[in-house]
Amino acid sequence: MISKSDRHSNTDASNTRFPHLVTGGGRRLGLAIIQHLVAQGEQVVMSYRTHSHEVEELNSLGVHCIQADFTSKRQLDDLITQIQSEYSGLRSIIHNASDWASESEESDLYALMERMWQVHVAAPYQINMLLKNLLCHAAESLGEATDIIHLTDFVAEKGSDKHIAYASSKAGLANLSLSFSRQLAPKVKVNAIAPSLLMFQEGDNKEYQQKALKKSLLCLEPGEQEGVAAVQYLLNSRYMTGRTLALDGGRHLA
């Protein structure tokens with residue numbers, strides 16, 4: 001496990017290994033992104049909502065794992081304060097934390113809408129605003145732009161009759177990409193990735209899977225590595241900001 005003093009030494013101006021911050025990194029796409037970054041020799045700090053053996057494995061690899069439920073303002077504030085106190089700069093912020101709920105599952109619609117916007121809009125907004133100085137400092141030290149990447153959703157553009165609150169909040173997150181790209185240029189590039197189907201959930205039956213696959217022109221489940229590749233593309237790019245990469249297999253045309 002990396003000590004606090006080691007983390008400071010890794011973010012000194014003479015050592016350009018500033019960490020990537022990945023939210024919601026304990027499972028699925030967030031987990032795959034972190035595993036990829038670690039394999040590239042990058043330093044990573046991540047937030048997670050629920051403790052799991054995956055979190056333990058990441059911790060053993062040297063990932064700085066911080067538990068934070070973004071529906072709790074106190075936990076979100078604590079996460080930001082800890083990062084501010086332990087790091088002098090950030091190479092990127094990758095907003096992957098998400099909550100998936102539908103109107104059919106919730107009786108309190110006000111609470112549902114409030115939760116969706118808190119997790120997908122209010123938390124990323126606060127993190128960006130309060131940690132943007134760390135991104136700018138890293139950019140000055142590295143001599144190149146750092147990154148904010150928002151993981152949105154295909155439904156941010158098309159809407160969803162079954163997940164209305166969720167879709168609206170993901171559209172709000174997509175709009176943050178536009179505003180922050182204007183505010184933070186040229187030191188920070190700000191982009192979004194909008195997947196539709198990347199991987200099925202455990203328990204999705206064959207009938208559902210076949211129906212979902214037919215919604216896109218390419219009719220396949222590409223897996224989490226498609227999202228990882230998109231993240232890496234944005235990190236490598238020197239000339240892309242304020243844009244959204246659509247990972248939908250041509251679903252918009254199907």
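**Exercises: a parallel sheet and a helix pair**

Seven strands make up an open sheet with parallel pairing, in the order β3-β2-β1-β4-β5-β6-β7. The model is predicted.

**Exercise 1.** Find which strands stand at the edges of the sheet, and state what this leaves on one side of each.

*Solution.*
Step 1. Read the strand order from end to end: β3-β2-β1-β4-β5-β6-β7.
Step 2. The edge strands are β3 (64-67) and β7 (244-247).
Step 3. Each has a single partner strand, so one side of each is left without a neighbour in the sheet.
Step 4. On average, neighbouring strands of this sheet are turned by 15° against each other, direction ignored.

**Exercise 2.** Follow the pairing from β2 through β1 and β4 to β5, giving the number of bridges and one residue pair for every step.

*Solution.*
Step 1. Strands pair through backbone hydrogen bonds, in a parallel or antiparallel way.
Step 2. Three bridges connect β1 (residues 20-23) with β2 (residues 44-48) in the parallel sense. Valine 22 has methionine 46 in β2 as its bridge partner.
Step 3. β1 and β4 run parallel and are joined by four bridges. Here leucine 21 is partnered by isoleucine 93 in β4.
Step 4. β4 also pairs with β5 in the parallel sense, over four bridges. Serine 92 has aspartate 147 in β5 as its bridge partner.

**Exercise 3.** Sort the residues of β4 (residues 92-95) by the way they point, and decide whether they are buried or exposed.

*Solution.*
Step 1. Ser92 and Ile94 point one way from the strand.
Step 2. Ile93 and His95 point the other way.
Step 3. All of these residues are buried.

**Exercise 4.** Describe how helix α5 (residues 109-142) and helix α7 (residues 164-184) are arranged.

*Solution.*
Step 1. Their axes come within 8 Å and cross at roughly 15°.
Step 2. Angles under 35 degrees count as roughly parallel, and α5 and α7 are therefore roughly parallel to each other.
Step 3. The crossing of α5 and α7 is right-handed.
Step 4. The contact of α5 with α7 contains 14 nonpolar, six polar and two charged residues.
Step 5. On the α5 side, the residues that meet α7 include Leu112, Met116, Trp117, Val121 and Tyr125. On the α7 side, Tyr166, Leu173, Leu176 and Phe180 are among them.

**Exercise 5.** Which strands does α7 lie across, and at about what angle does α7 run to β6?

*Solution.*
Step 1. α7 lies across β5 (146-151) and β6 (188-195).
Step 2. The angle between α7 and β6 is about 160°.
Step 3. Angles over 145 degrees count as roughly antiparallel.

Key. Residues are numbered from 1 along each chain as its sequence is written. This is a predicted model: local features need pLDDT of at least 70, side-chain atom pairs count only at pLDDT 80 or more; totals for chains, interfaces and linings use all residues. Side-chain values use heavy atoms; hydrogens and water are left out. Axes are lines fitted to C-alpha atoms, for helices over the stretch in contact, and angles run from 0 to 180 degrees between N-to-C directions. Helices (H or I, at least four residues) and strands (E, at least two) are DSSP runs, numbered from the N terminus. Angles under 35 degrees count as roughly parallel, over 145 as roughly antiparallel, 65 to 115 as roughly perpendicular and the rest as oblique. A crossing is left-handed if the near helix is turned anticlockwise from the far one by less than a right angle, and right-handed if clockwise. Contact means heavy atoms within 4.5 Å. Ala, Val, Leu, Ile, Met, Phe, Trp, Tyr, Cys and Pro count as nonpolar, Asp, Glu, Lys and Arg as charged, and the others, Gly among them, as polar. Two strands pair if DSSP finds at least two bridges between them. Buried means under 20% relative accessible area, exposed over 50%, partly exposed in between (1.4 Å probe, protein chains only).
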